[in-house]
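Below are my notes on the ligand site and one of the pockets. Please read them with the structure open.

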Amino acid sequence: MSDQVEKASTVDVVIVGAGFAGLYLLHRARKQGISTRCFERGDGVGGTWFWNRYPGARCDVESMQYSYGFDDDLQQEWEWPEKFSGQADILAYVNHVTDRFGLRPHIDFETEVRAAHYDESQRLWQIETSLGERVAAKHFVMAGGCISTAQVPKFEGLDDYKGSTYHTGLWPHEEVNFTGQRVAVIGTGSSAIQAIPVIAEQAAHLTVFQRQANFSIPSRNHPMTPEYAGAWRNGYADKRAEMRYAPNGVLRDLNNKSALDVSEAERLETYEARWKIGGSGFLASFNDIMTNKQANDTMAEFVRNKIRQTVKDPVTGELLAPKTHPIGTKRLCVDTGYYETYNRDNVELVDISTAPIDRLTESGLMVNGRRFEFDSIVFATGFDAMTGTLFNVDITGRDGLALTKKWEAGPRTYLGLMSQGFPNMFMITGPGSPSVKSNMITSVEQHVDLVADTIIHMRDQGLELIEPALEAEDAWVDHVQVVAHKTLFPQANSWYMGANIPGKPRLFMPYIAGVGAYRKICEEVVADGYRGFRFETKKAMAAE
Ligand code: NAP
């Protein structure tokens, strides 16, 4: 690791996190002469891709699109080995970007931000770190990611278990070898669906505990071809521009027909053709899959039939065929050989939908009175998404108001960017922005540019404080829910709805109107003199 530069205790901006968001903000700030401190809990950069090292971890957005677009030389030069990148390749890329732009010396590694208190008298955020350092900042930016607080359910007997335990989102850096072991995987979300086929190849026996089945589409991943990479590189300028206004921040071939307006033969032909292509673009087979239950049912049944055809044991096949939610309303999974894995002799699926795990024991766990013994248990049990990482920091705003208190009935933001009562605090891809319902890099770049431009605007105009107006925030919170309820998303018990964390308020957290629609709203807000925000100047404060 490079030598650290001298670190100031009063800066313009404190950034939490050195993942894709924190790194780009650090780069923008440094280019504009904005002083920063950037704190990262890990001992390396990359955020999600630093922590999620589980076997099979891979991005389901294509490599040519899951990459920064802010620097043309970077996107022209970087070589992606596969259509969909594995974790190690993405981590190598993030490390390259960090060093290419000289960011590493400006990051405090292995340092958590524990508290951030807004000091109204000085209009400064007072930051406290896990190393006991105190730093004052004009602006405080949470860039710690949306899916970065791993959760292990509080199973009874958790501490009694003597074997090895792992969480997919906190995977060890050294290689984990399951050869010869009896392994359990708890959970069947995106992480599990990627890890299970790889673990099954190593383990002597693998038992998968499934609560709700998930829909998964084959990735059809393959080595990158020079023709494909070349077509992207030659067209990057236009393609990136298009991505920024695309519904999910990715270029997808959306079929602009209703699934119900075509004949059954055409519908099946369309699904079949897209199944062959693979990937989550499958959802773009028709334009009403996420808004019309009848249309959705046609796609869901097509996928259930694929699962039934793939899995040889009919009982297992039926258990794996999801029936609890419309397809796409929980994050659509993308896999390599997931359903085929259940045809192996060493893999067993245990349905815990009606009889949950009773408890963990010294040597394994118990379900419905049946005792299982394992050498290792893998928790693929997900994350306290969207709000968990924000709540891990003791954040208090004006009048000592805690963010946890203000958001006790659910996140309250204006544009997913700021919350009233927390002046000069920004969230990158916060709740109420497209965030997890988009290509994260497209959304990260948009938010970072907006935050950096706003800080520069304030500096240039002699403005010292920015805060959303309560009415603007109230209207945005309502709008996010109104838009969500025009879709099928609220019908699922998903982490988008906070349903995976006991006691978490149930409401749809991301903004689902689309990346392009959202970007246009942000552009209009800025063009309209930051409509819905209020600023205070230095002079106004002196007069108080
Ligand atoms: P997840 O989607 O939340 O899945 C967690 C799994 O654990 C679910 O199957 C859940 O069952 C189960 N579970 C949770 N608590 C349980 C309990 N008490 N008992 C039994 N089972 C329990 O988490 P994830 O798979 O880590 O994925 C999180 C998100 O990260 C994804 O949705 C995606 O956005 C992102 N991700 C992306 C990729 C990619 O790009 N390819 C890969 C991995 C992750 P229920 O469904 O019944 O709640």
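1. The second largest pocket has a volume of about 530 Å³. Bear in mind throughout that this is a predicted model.

2. Its lining is made up of 28 residues. Those that lie nearest the centre of the second largest pocket are Tyr54, Pro55, Gly56, Ala57 and Val198. Three elements, α4 (87-100), α5 and β11 (333-335), give two or more residues to this lining. The most comes from α5, with four residues.

3. By class, 13 of the residues lining the second largest pocket are nonpolar, eight are polar and seven are charged. Domain 1 (10-149 + 385-543) and domain 2 (151-214 + 337-382) each supply at least three residues to the lining.

4. Turning to the ligand, 24 residues surround it. Which of them come nearest? They are Thr188, Ser191, Arg211, Lys330 and Trp495. By class, the shell around the ligand has ten nonpolar, nine polar and five charged residues.

5. Helix α5 (residues 190-202) provides the largest share of the ligand shell, three residues. Helix α5 is also the element that gives the most to the lining of the second largest pocket.

6. Where does the ligand lie with respect to the domains? Domain 1 (10-149 + 385-543) and domain 2 (151-214 + 337-382) both contribute residues to its shell, so the ligand lies between them.

7. Polar contacts deserve a check by eye. An oxygen atom of the ligand is 2.9 Å from an N or O atom in the side chain of Arg211, a residue listed above among those that come nearest to the ligand. For Gln212, a side-chain N or O atom is likewise 2.9 Å from an oxygen atom of the ligand. At Gly189 the partner is a polar backbone atom, 3.4 Å from an oxygen atom of the ligand. Taken alone, the ligand exposes 910 Å², and the protein buries 89% of that.

Definitions and conventions. Residues numbered from 1 in each chain as written. Predicted model: local features only at pLDDT ≥ 70, side-chain atom pairs only at ≥ 80, totals over all residues. Heavy atoms only, no water. Near = heavy atom within 4 Å. Polar contact = N/O pair within 3.5 Å; in protein donor to acceptor, adjacent residues only side chain to side chain. Areas by Shrake-Rupley, 256 points an atom, 1.4 Å probe, with all protein chains shown as cover. Nonpolar A, V, L, I, M, F, W, Y, C, P; charged D, E, K, R; others polar. Domains from an automatic or database assignment. 1 Å grid on protein atoms, 1.4 Å probe; cavity = no way out; pocket = protein on both sides within 12 Å on 5 of 7 lines; lining within 4 Å. Points joined across faces, edges and corners; volume = space filled by probe spheres on them.
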